[in-house]
Amino acid sequence: MLKYYEVENFRSFKNKTTFSLEKTNYKVLEETNTARGLLKGVLFVGANASGKSGALLPVKLLLDMLFGKAEIPFEMYHCLFSMNPAVSMRFVFDIKGSEIDYSIKYHNDGSAIHELLKVDGETVLERENSYAKVSLTDQKEYTDIQLNTLFLREIYFNTRFRGHQVLQEWFSFLSASIYLDLYTRRASVYQASGIELRKYLEEKGTDEINQFFEEYNFGQRVEYGMTSTGKVAAFFGEDKHIFMKRNGINEPILLEMESTGTQNLLNLLPAFFHCTHKGGLLILDEFSSGFHNDLEKLLIRYFMKYSTNAQMLFVTHSTNLLSSSILRPDQLYTVEFGEEGSRIKRFSDEKPREAQNMEKMYLGGVFGGLPRYEN
């Protein structure tokens with residue numbers, strides 16, 4: 001699981017910034033929201049254009065570079081208001097008690113790149129531009145490495161880390177991760193399968209979703225097929241469709257005719273179930289798109305209760321989630337944009353008591369991250 005990550009000169013984060021998922025001394029929600037000393041997720045809240053989505057992007061970029069497109073779009077992630085050409089990222093993971101420490105530093109024009117990988121403090125890969133030293137393979141030195149790709153990616157695809165179980169476990173965790181933008185409904189899926197809603201329904205059917213709906217009193221169920229009938233309406237066709245039926249009415253409604261919130265929920269649930277049961281990072285931008293406050297609370301509590309090797313990083317504008325009955329103070333971050341770019345503040349840094357009203361404190365300006373509009 002992810003312990004923390006650091007960035008510098010990355011998008012709106014000009015100064016060095018550390019995002020920690022290590023738990024603090026708070027005891028609230030310890031049994032559900034923490035695992036092996038780490039948090040099962042963190043929330044980012046703040047004004048529009050403060051850098052909240054940018055707080056998720058370093059982790060998404062790491063996954064994209066390792067499992068997606070090989071070439072790195074250096075210029076897209078450099079801080080536009082910085083004269084420093086170098087962008088730095090560092091990611092530290094705990095994998096079954098071993099610490100994985102991986103850092104990347106590159107110039108925004110692609111002229112230079114550095115990679116450093118340590119396992120329990122021991123350097124196993126060090127790369128400087130086109131040259132690298134490695135202890136993971138029989139060949140110990142490499143030259144002529146392409147500057148616009150990660151060498152760690154090349155080692156992984158060529159060797160699958162044979163004989164290095166910790167690194168295999170690390171990449172298994174990373175590859176199970178999923179990124180979703182619930183506003184645009186864009187998804188980045190790395191090596192998980194059956195996450196797209198129709199493919200999920202083809203492979204697994206509707207049972208898991210309907211069981212979830214029934215258990216939590218949603219008052220509706222989903223059907224998937226070429227036909228669906230009620231007492232009044234009926235659909236017949238050559239192609240399969242997704243239908244919703246409300247309890248007590250039982251008339252088929254095409255998913256496309258449902259609310260934005262219902263459509264977003266159905267598109268989220270396959271990824272949500274996957275990470276809850278199988279692990280990985282679930283990265284959710286615009287989490288509050290179309291969801292009622294109580295639905296947001298339900299989803300977070302479900303994930304925290306049932307996930308064992310998964311973490312959720314998400315952005316929201318729903319201040320009602322700033323409650324120690326849902327998330328711990330060390331799981332809450334504000335993001336604020338100023339003259340030096342985006343900066344973050346962790347609620348736990350102010351040492352609030354567990355019984356205090358976090359939402360009221362945030363709206364009162366204690367943690368920063370509020371817009372400054374005129375009345």
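**Exercise 1.** Find the ring that lies under the charged end of Lys 60, and place Lys 60 in its surroundings.

*Solution.* Step 1: the charged end of Lys 60 sits over the ring of Tyr 179, 5.1 Å from its centre. A charge sits over a ring if NZ of Lys or CZ of Arg is within 6 Å of the ring centre and within 35 degrees of the ring normal. The model is predicted: local features need pLDDT of at least 70, side-chain atom pairs count only at pLDDT 80 or more, and totals for chains, interfaces and linings use all residues. Residues are numbered from 1 along each chain as its sequence is written, and side-chain values use heavy atoms, with hydrogens and water left out.

Step 2: Lys 60 also forms a salt bridge with Asp 64, their closest N and O atoms being 2.8 Å apart. A salt bridge is a side-chain nitrogen of Lys or Arg within 4 Å of a carboxyl oxygen of Asp or Glu.

Step 3: Asp 64 and Lys 60 are four residues apart in helix H2 (residues 52-67), so about one helical turn separates them. Helices (H or I, at least four residues) and strands (E, at least two) are DSSP runs, numbered from the N terminus.

Step 4: both Asp 64 and Lys 60 are buried. Buried means under 20% relative accessible area, exposed over 50%, and partly exposed in between (1.4 Å probe, protein chains only).

**Exercise 2.** Trace the salt bridge between Glu 6 and Arg 90.

*Solution.* Step 1: a search of the whole structure finds 20 salt bridges. In the one between Glu 6 and Arg 90, the N to O distance is 3.8 Å.

Step 2: Glu 6 lies in strand S1 (residues 2-8) and Arg 90 in strand S6 (residues 86-95), so the pair ties together parts 84 residues apart in sequence.

Step 3: Glu 6 is buried at 13% relative accessible area, whereas Arg 90 is partly exposed at 26%.

Step 4: salt bridges link Glu 6, Lys 16, Arg 90 and Asp 101 in a network.

**Exercise 3.** Describe the contact of Glu 169 with Lys 96.

*Solution.* Step 1: their side chains meet in a salt bridge at 3.2 Å, N to O.

Step 2: Glu 169 belongs to helix H4 (residues 165-175) and Lys 96 to the loop between S6 and strand S7 (98-107), so parts 73 residues apart in sequence are tied together.

Step 3: Glu 169 is partly exposed, with a relative accessible area of 26%, while Lys 96 is exposed at 68%.

**Exercise 4.** Which geometry does the ring pair of Phe 44 and Tyr 333 have, stacked or edge-to-face?

*Solution.* Step 1: the whole structure holds 36 aromatic pairs. Rings of Phe, Tyr and Trp (its six-membered ring) pair if their centres lie within 6.5 Å; planes under 30 degrees apart count as stacked, over 60 as edge-to-face and the rest as tilted.

Step 2: the ring centres of Phe 44 and Tyr 333 are 5.5 Å apart and the planes are at 25°, so the pair is stacked.

Step 3: the pair links distant parts of the chain, with Phe 44 in strand S5 (residues 41-46) and Tyr 333 in strand S19, 289 residues apart.

Step 4: Phe 44 is buried at 0% relative accessibility, and Tyr 333 is buried at 3%.
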